Amino acid sequence: KQWYQRRVEAAKKRLEDQELDAESETRANKVHDIAEQIGQKLAKAEQLGNEGEVEESVALLSEIEKLKSAKRQAEEEYRNNLPQPQLQQQKLRVCEVCAAYLCLYDNDRRLADHFGGKLHMGFIQIREKRNIKKKKVPTATLR
């Protein structure tokens, strides 16, 4: 395993102490997945806007609005089915790319900032460069 994979696994292991029941976990994952999609699409829309692709950026923004609505519904469903003491607790997820902790209830702008941030983008670049090197160099010489 690579160091970045071990980092993600270690962060996930730290969060396992806060485990919910399977049904609540499924709802929490649904909210997290939708939030992740929103963040990635916001970052992409911003990038397209900066490149002058206004029509595509506007189309992405309309998709984002639909996702925001779905996220609100999923959050409400999640909160309504949580026991009262757990409602007060902050629910965290681990980013699969950079191992950062993301709050399940972070607003979309914050998630977009994360997915477009230096740390997250740096990990993506590291993985891409490693994959390129892996293709060029025999695996026996890579660690």
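1. Let me start with the second largest pocket, since you'll probably want to look there: its volume comes to about 170 Å³. Keep in mind that this is a predicted model.

2. Who lines that pocket? The lining of the second largest pocket consists of Gln40, Ala43, Lys44, Gln47, Phe115, Gly116, His120, Met121 and Ile124. Two elements, α2 (22–50) and α6 (118–136), each give two or more residues to this lining. Helix α2 has the largest share, with 4 residues.

3. On chemistry, the lining of the second largest pocket splits into 4 nonpolar, 4 polar and 1 charged residue. If you're setting up a view, Lys44 and His120 are among the residues to display there, along with Phe115 and Met121.

4. Now the fold as a whole. The protein has 6 helices and 2 strands. Reading from the N terminus, the order is α-α-α-α-β-β-α-α, so to speak the two strands sit between four helices before them and two after.

5. How are the contacts spread along the sequence? Taking contacts between residues at least 6 apart in sequence, 66% of them join residues at least 24 apart.

6. Last, burial and surface. The chain has 143 residues, and 34% of them count as buried. The accessible surface of the protein is about 9600 Å², and carbon and sulfur atoms account for 49% of that area.

Methods:
Residues are numbered from 1 along each chain as its sequence is written. This is a predicted model: local features need pLDDT of at least 70, side-chain atom pairs count only at pLDDT 80 or more; totals for chains, interfaces and linings use all residues. Side-chain values use heavy atoms; hydrogens and water are left out. Buried means under 20% relative accessible area, exposed over 50%, partly exposed in between (1.4 Å probe, protein chains only). Contact means heavy atoms within 4.5 Å. Accessible areas come from the Shrake-Rupley method with a 1.4 Å probe; for residues, only the protein chains shown count as cover. On a 1 Å grid over the protein atoms alone, a cavity is a set of points where a 1.4 Å probe fits but cannot get out, and a pocket is an open set with protein on both sides within 12 Å along at least five of seven lines; lining residues have an atom within 4 Å of a point. Grid points are joined across faces, edges and corners, and a volume is the space filled by probe spheres set on the points. Ala, Val, Leu, Ile, Met, Phe, Trp, Tyr, Cys and Pro count as nonpolar, Asp, Glu, Lys and Arg as charged, and the others, Gly among them, as polar.
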